[in-house]
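Open the model in your viewer and keep a selection box at hand. Each stop below says what to pick and what you will find there.

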Amino acid sequence: MQVGNGKSIVNGIAIGKIKIYKEPERIIYEGIVDDPAAEVARFEAAVEKAIDQQTVLYEKAIVDAGKDIAEVFMVHAAMLEDDDLQDSTKEIITGQKRSAEYATKVGFDNYAQMFADMDDPYMKARAADIIDIQGMVLDNLMGLDSASMQGTEPAILVADDFAPSQTVKLDKSLLLGMICIEGSSNSHTAILARSMNIPALMQCKEVQDDWDGKLAVIDGKNAVVYIEPDKDLLDTLKKRQDEDRKKEALLQELKGKPSETIDGYNVHVYANIGGPADVGAVNQNDAEGVGLFRSEFVYLNSKEEPGEEEQFTAYKRVLESLAPKLVIIRTCDIGADKTIDYMHLDKEENPALGYRAVRI
């Protein structure tokens, strides 16, 4: 049995065979072209087609994940329409006399790097969105189609990362779980997986090519994947999966109904969240608001102490998305099993005291 660890997106269990997805090979001509004007026209046509594709993905995402999450594809459309991005790409075509494919690769890579270099984790994660729309433009230019990435049998898909457009295209009836070697818990792909309630692991570095076709179990609660688990472990996890499904089915029956006791007493039911990425699940699961915005995740998901503007942006996005629902934000809560190296906290006899509440 092999074991892989990662960052869990959904606490559920997925059981099935692994299917490793390989990106289609894009061979890009890097030489000089004879007709730059024709290449510009090709680029513009490919971008227009990609914008139209965002509308299709938006409508599918509304059904699969809800309107809030689907908005990512309207953001992608806006990125594709960005004058700076288009002009810088066309300048490579006309100024350097390069192909539309080469210009798209270089121009979009430069734009993505601009986001990747930002300090804000949310903005940093937007680099993946630029790479996503780049892939769609390149596929349009080269006549490629990644729709067959799933195959025809239910499976746990494994890839370096999944673009949001790829995630939405997937057939949910065949998608048991997702494992990314790279990825981010702030990415739109992670948000989509969470909204669609698909067990997923990000940053699972132990993935091996020989996992392909082998039976695996994602245990989201413990952020681990087991490859070819022994019978006892498999039976235990199957039992847990069955129990989870029964609980989920029972809870689904309660959506839309008043939160009321048998004798008529109304009870407000709120959700706990770790950041803006969880907003879709709040609405999707009929919560009346947020009882606890666990602000420590703004710290835990950052490599250095988040500044005031970064925190303000995270809280503002949640409040705007859920208004007029109540959102309760707690102060930083670090200590015990939640440690952060950059805080350089002293070791104490009672580590549970931590950096929280009145101690702040």
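**Stop 1: salt bridges along helices**

Select aspartate 109 and lysine 105 in this predicted model. Both belong to helix α4, 4 residues apart, about one turn of the helix. They form a salt bridge, and the closest N and O atoms are 2.5 Å apart. Aspartate 109 is partly exposed at 27% relative accessibility. Lysine 105 is also partly exposed, at 35%.

Go to helix α1 and pick arginine 42 with glutamate 39. These two are 3 residues apart, about one turn of the helix. Their side chains meet in a salt bridge, 2.8 Å from N to O. Buried or exposed: what is glutamate 39? Glutamate 39 is buried, because its relative accessible area of 12% is under 20%. Arginine 42, at 30% relative accessibility, is partly exposed.

Next, helix α9, residues 231-252. Select aspartate 235 and lysine 231, which lie 4 residues apart, about one helical turn. Their salt bridge is 2.7 Å, N to O. Lysine 231 is exposed, with a relative accessible area of 60%, and aspartate 235 is partly exposed at 34%.

Now select Arg294, Glu296, Arg330, Asp333 and Arg356 together. Salt bridges that share partners join these residues into one network. How many salt bridges does the structure hold? The count is 15.

**Stop 2: aromatic rings**

A search of the whole structure gives 2 aromatic pairs. For one of them, show tyrosine 111 and phenylalanine 115. The ring centres are 6.1 Å apart and the planes meet at 65°, an edge-to-face pair. Both residues sit in helix α4 (residues 100-116), 4 residues apart, so about one helical turn separates them. Both are buried.

Then show phenylalanine 293 and tyrosine 315. Their centres lie 5.3 Å apart with the planes at 85°, so this pair is edge-to-face as well. Phenylalanine 293 is in strand β10 and tyrosine 315 in helix α12, so the pair ties together parts that are 22 residues apart in sequence. Both of these residues are buried too.

One more ring to inspect: tyrosine 102. The charged end of arginine 98 sits over this ring, 4.5 Å from its centre.

**Stop 3: the nonpolar cores**

Select Phe73, Leu80, Phe108, Ile130 and Val137. These residues have the most contacts inside the largest nonpolar core, which has 54 residues. Helix α1 (residues 36-65) supplies the largest share of this core, 9 residues.

Centre on valine 137 and show its surroundings. Which residues does valine 137 touch, not counting those up to four places away in sequence? The list is Phe43, Ala46, Val47, Ala50, Leu80, Thr104 and Phe108.

A second, separate core has 19 residues. To find it, select some of its members, including Ala271, Val290, Leu322 and Ile334.

**Stop 4: glutamine 86**

Glutamine 86 is in helix α3 (residues 83-96). What makes glutamine 86 count as buried? Its relative accessibility is 16%, and the cut-off for buried is under 20%. Leaving aside neighbours within four places in sequence, glutamine 86 is in contact with Phe43, Val47, Leu80 and Glu81. Draw a distance to the backbone oxygen of leucine 80: a polar atom of the glutamine 86 side chain lies 2.8 Å from it. Then draw one to glutamate 44, C-alpha to C-alpha. These residues are 42 apart in sequence and 8.5 Å apart in space.

**Stop 5: backbone details**

Select alanine 223, in the loop between β7 (215-219) and β8 (224-227). Its phi is positive, about 55°, although it is not a glycine. Alanine 223 counts as buried at 16% relative accessibility.

Move on to aspartate 286, in the loop between α10 (279-284) and β10 (289-293). Aspartate 286 is not a glycine either, yet has a positive phi of about 70°. At 40% relative accessibility, aspartate 286 is partly exposed.

Finish with proline 324, in the loop between α12 (308-322) and β11 (326-329). Which kind of peptide bond joins alanine 323 and proline 324? That bond is cis, with omega about 5°.

Methods
Residues numbered from 1 in each chain as written. Predicted model: local features only at pLDDT ≥ 70, side-chain atom pairs only at ≥ 80, totals over all residues. Heavy atoms only, no water. Buried < 20%, exposed > 50% of the residue type's maximum accessible area, 1.4 Å probe, protein only. Phe/Tyr/Trp six-rings, centres within 6.5 Å; stacked < 30°, edge-to-face > 60°. Lys NZ or Arg CZ within 6 Å of the ring centre and 35° of its normal. Core = buried A, V, L, I, M, F, W, Y, C linked by side-chain atoms within 4.5 Å. Contact = heavy atoms within 4.5 Å. Polar contact = N/O pair within 3.5 Å; in protein donor to acceptor, adjacent residues only side chain to side chain. Salt bridge = Lys/Arg side-chain N within 4 Å of Asp/Glu carboxyl O.
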